[in-house]
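Colleague: Please take a close look at one part of this model for me. I am new to this, so keep the steps short.

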Amino acid sequence: MGFARRKCGKCEKFFWTLDQGRKFCPDHEGYGFIGNPPTSKRLDYIGAWKETEKFFQANGHTIVRRYPVVCRWREDLYFTIASIVDFQRAVGNKIVFELPENPLLVPQMCLRFNDIENVGLSGRHYTGFCMIGQTCNADMQGGYWKDRCIELDYGMLTQGLGIKPEEITFVEDVWMGAGAFGCSLEFFARGLELGNAVFTEFEGSENDYRIMPNKIIDMGAGLERFSWITMGTPTSYDCCFGPVIEKMIETTGTQKNEDILSKYFEAVSSKLENAEGIRGARSIIAREMQIKEEKLTEMVAPYEAIYTIADHVRTLVFAISDGALPSNVGGGYNLRVILRRALSILERLGWKGMRVADIADVHIDYLRQMYPELEEHREDVRTILDLEASRYIGSRERMNSIVMSLKGGKTQAELSVDDLIRMYESDGITPDFLVEQQVIQGVPSTFYTRLADLHNAGQGAGTPSNKPIPGLEELPPTRLLYYEDESIREFDAKILKIVDNKFVVLDQTAFYPRGGGQEPDTGEIGGANVLEVTKQADIVLHIVESAARLAEGQFLHASLNGRRRDLVTKHHTATHIINSSSRNTLGSWVWQNSAFKEETYGRLDITHHSALSKEEVQRIEQKANSVIRQNVPVVTKTYDRGDAEQEFSFRIYQGGVVPTSNVRIVNIDNWDVEACGGTHVKSTGQIGLVKIVKSERIQDGVVRLEFVAGEAAINYMQQQESQLASIAQSLGSSKEKILESFSKAMDDAEAAKRKLRTMLRVVAEPMAKNVAEKSKKLASGVHLYSTYDEELDDDYHIAVGEKAIELDPALLYIALLSKGQGIRVIVFAGAHARKKIKAGLIARQVSGALAGSGGGDDRFGQGGGKSKDRIKEALLLAEEAAK
Ligand SMILES: [Zn+2]
Ligand SMILES: [Zn+2]
């Protein structure tokens with residue numbers, strides 16, 4: 001076609017062009033399309049997708065729906081960061097490519113949080129963007145390689161977008177991934193990179209590699225850029241958010257300065273690379289445009305704010321729709337950061353009339369043409385955004401008051417990284433906020449890594465990390481009878497190996513090993529007690545009390561504890577049921593965070609934003625029991641991983657990633673479908689009953705449900721009932737009348753207290769007279785009365801003490817009362833006695849002598865201590881002080 005290969009005069013990269021005069025690759029060129037697009041078509045965001053879809057469909061590609069932005073199928077990623085990630089799966093430690101169609105095209109929404117500070121400012125950075133993925137397996141039916149790929153991409157640019165051939169430049173490069181690499185070809189027009197076709201051809205490292213049996217084409221192009229090149233707007237934000245920007249300008253009443261703005265943003269996009277970030281670029285541009293930097297900042301700031309908020313809210317729309325929640329942990333952390341950033345901008349600019357939930361609505365109105373699934377989650381998105389916005393306001397107030405107290409103290413600049421982490425974890429105070437408030441100088445460089453380490457440490461826990469047992473490499477995989485027939489409780493087997501007199505390997509076993517949150521079976525093999533069962537690779541290890549009576553090569557009979565297995569199994573199936581009934585009750589953001597299945601109870605941690613109300617717990621419980629009563633079948637079947645994902649969606653990965661190409665799917669009548677390796681009942685009716693006994697918010701974004709199922713549920717109810725019965729009995733009542741009797745008992749107690757107080761008033765006077773007479777007349781003029789009382793309480797001594805110092809103003813009244821394990825101290829000083837001695841001081845000294853603390857004012861003091869054996873010394877000390 002006349003394209004010639006040239007070497008860039010600056011960076012020495014090779015590139016292809018029709019332009020005879022071109023000396024440099026487009027890396028060194030500013031944007032030449034703003035205000036002057038090089039295309040015959042004008043395509044908004046969705047228009048650009050429609051053209052792309054049409055072109056590739058006409059050329060034999062299957063259009064695949066986008067995958068979730070929350071990357072549930074890769075353990076190392078929270079979010080989908082590129083279109084190719086859709087098709088990457090783990091097999092053991094290796095990443096393989098699994099394509100549902102060949103060739104295919106996917107409009108993949110991707111989230112990236114590594115460049116947040118440039119988003120909204122640079123004109124082209126996003127936290128969420130659509131990567132058009134043109135993907136094929138070159139060595140399988142329907143696949144193609146470099147020539148066809150370039151032909152298609154060239155066709156897309158010229159026919160699809162209407163760019164003239166002489167405007168297009170292809171740049172050669174190399175792409176290196178984890179364990180695989182290949183050539184790549186980037187394509188540009190007017191200085192804007194539109195896409196990059198990667199030809200993944202080799203696996204291994206630079207020095208040790210081979211050609212892959214299945215070569216992969218991974219062309220990724222930014223849909224935002226496809227639209228931008230055809231529109232030539234000052235920023236790509238102007239053409240990629242549909243009506244959102246215009247709506248926000250209208251709502252906020254922002255002034256339009258299109259001329260200066262387009263000049264400014266055109267300059268920003270080309271200066272960003274070489275200047276010192278946006279701020280540096282801005283001062284250069286201000287100089288060139290001959291306006292004051294402050295003036296320029298003032299003009300662009302509201303636009304930057306609108307762009308930033310539009311981006312952040314769109315990212316949140318996708319993330320929340322796909323089941324993620326803003327929180328302080330994991331990927332939720334990034335979501336909360338951008339949401340709070342958007343909220344603080346709204347607050348700073350005084351745009352109080354604009355709600356993030358309303359902006360989300362406008363996004364969904366526009367995007368549903370392309371992503372219809374967003375409509376289904378509109379209410380969920382609004383719920384979460386409103387909730388987070390109100391939490392933000394609450395935390396802002398708390399943060400401000402904490403900051404005020406920090407500023408008042410002398411703690412400034414003395415806060416360690418540990419202090420900062422504690423403040424972030426307990427009060428949500430970010431170090432950035434403290435910098436902004438001038439409490440600290442800067443964010444310590446180790447803060448975010450320390451925080452990340454802290455939150456990663458918990459992952460993958462749950463199974464005891466045993467050191468691998470040596471000498472098992474030669475053994476064949478254990479035949480897993482519990483998968484072949486879950487009802488097996490007794491079996492015969494041959495001992496293949498015994499290690500350390502306690503680890504026994506059999507050729508086959510029905511013992512379920514600890515795994516997936518399910519506790520192992522117990523029982524006996526050949527008369528030896530099995531205490532624990534674990535799995536090491538394909539080998540099941542039975543850990544016995546003693547293997548003294550067992551020998552390698554021996555045949556034995558084994559039996560497992562059937563009642564225990566049945567109960568663990570019921571709790572396991574119940575976990576799946578409660579998981580789905582929680583999601584149905586609370587919202588689509590509910591996922592299993594972790595789970596634990598025991599003989600006596602089960603525990604399920606779900607992702608949810610708030611603690612559960614009693615009514616919510618009851619609704620979850622009712623829904624779960626209704627599924628149990630319907631007695632629907634529980635079907636376990638092994639699927640090809642890709643087929644299972646296509647048929648049941650990524651909801652199957654409740655328990656995490658499955659690193660094998662086959663997955664075992666547990667399907668409860670399509671009501672709950674999960675990939676799971678545990679044991680399950682045949683139909684839900686076998687569970688009988690499930691009762692949630694406790695719900696608790698255990699961390700930000702995670703709620704723990706504890707429950708009992710089957711016989712364990714009956715046991716629980718019976719226990720509750722007998723507790724209730726014994727309470728009723730001690731109230732002299734019956735279960736039926738217990739509430740009535742209880743409130744009567746409470747009333748009686750109140751009445752008795754009232755009666756006692758009246759009587760105290762009556763007896764206080766004569767008792768006080770008695771005290772005044774009995775008091776010891778000290779040389780200082782103070783009349784001391786002290787007592788240790790094991791029977792009467794505070795009420796009595798307060799009434800008597802008060803009266804006594806009224807009758808005798810020279811009196812110092814000290815009462816030590818026995819209270820549980822300790823001693824209570826009460827001190828009164830009369831008006832004359834106060835001249836010599838203060839009640840509060842005596843209370844402190846006496847309590848101190850009793851190994852406790854106390855205090856008070858001149859007239860009345862109180863306190864307490866623990867050392868009953870030092871009462872005498874304490875009282876002597878008081879007398880000494882009063883002398
Ligand atoms: Zn170059
Ligand atoms: Zn399970």
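Modeller: Start with the zinc ion (ligand 2), whose donors follow the spacing H-x3-H-x99-C along the chain. Its protein donors are H572 (NE2), H576 (NE2) and C676 (SG), at 2.1 to 2.3 Å from the ion. Donors here are N, O and S atoms within 2.8 Å of the metal (3.2 Å for Na, K and Ca); water is not among the atoms, so sites may look incomplete.

H572 and C676 sit 104 residues apart and link distant parts of the chain. H572 belongs to helix α17 (residues 562–586), while C676 lies in the loop between β24 (672–675) and β25 (690–699). Helices (H or I, at least four residues) and strands (E, at least two) are DSSP runs, numbered from the N terminus. H572 counts as buried because its relative accessibility is 2%. C676 is buried too, with a relative accessible area of 13%. The cut-offs are under 20% relative accessible area for buried and over 50% for exposed, with partly exposed in between (1.4 Å probe, protein chains only).

A word on the source. This is a predicted model: local features need pLDDT of at least 70, side-chain atom pairs count only at pLDDT 80 or more, and totals for chains, interfaces and linings use all residues. Residues are numbered from 1 along each chain as its sequence is written, chains are lettered from A and ligands numbered from 1 in the order in which they are written, and side-chain values use heavy atoms, with hydrogens and water left out.

Now set the zinc ion (ligand 1) beside it. Its protein donors are C8 (SG), C11 (SG), C25 (SG) and H28 (NE2), at 2.0 to 2.3 Å. Along the chain they follow the spacing C-x2-C-x13-C-x2-H. The site is tetrahedral, with angles of 97 to 118° among its 4 donor atoms. For four donors, that label needs all angles between 85 and 135 degrees. C25 is buried, at a relative accessible area of 1%. H28 is partly exposed, at 35%.

What about cysteine bonds? The structure holds 0 disulfides. A disulfide is a pair of cysteine sulfur atoms within 2.5 Å. Take C71: its sulfur is 10 Å from the closest cysteine sulfur, in C110, so the gap is too far for a bond. C71 is buried, with a relative accessible area of 4%.

Next, strand β30 (residues 822–829). Here 8 of its 8 residues are buried. In a regular strand the side chains alternate between the two faces of the sheet. On one side of β30 are G822, R824, I826 and F828, and on the other I823, V825, V827 and A829, all buried. Strand β29 (residues 811–819) runs antiparallel to β30, joined by 8 bridges. Two strands pair if DSSP finds at least two bridges between them. I814 has V827 as its bridge partner in β30. The hairpin of β29 and β30 has 2 residues between the strands, and G820 there takes a positive phi near 55°. β30 also pairs with strand β32 (residues 860–865), antiparallel, over 6 bridges. V827 meets G861 as its bridge partner in β32.

Last, helix α8 (residues 293–321). In this helix, 23 of its 29 residues are buried. Just after α8, G323 takes a positive phi of about 95°.

Note on methods:
Tetrahedral: all angles 85-135°; square planar, octahedral: opposite > 155°, others 65-115°.
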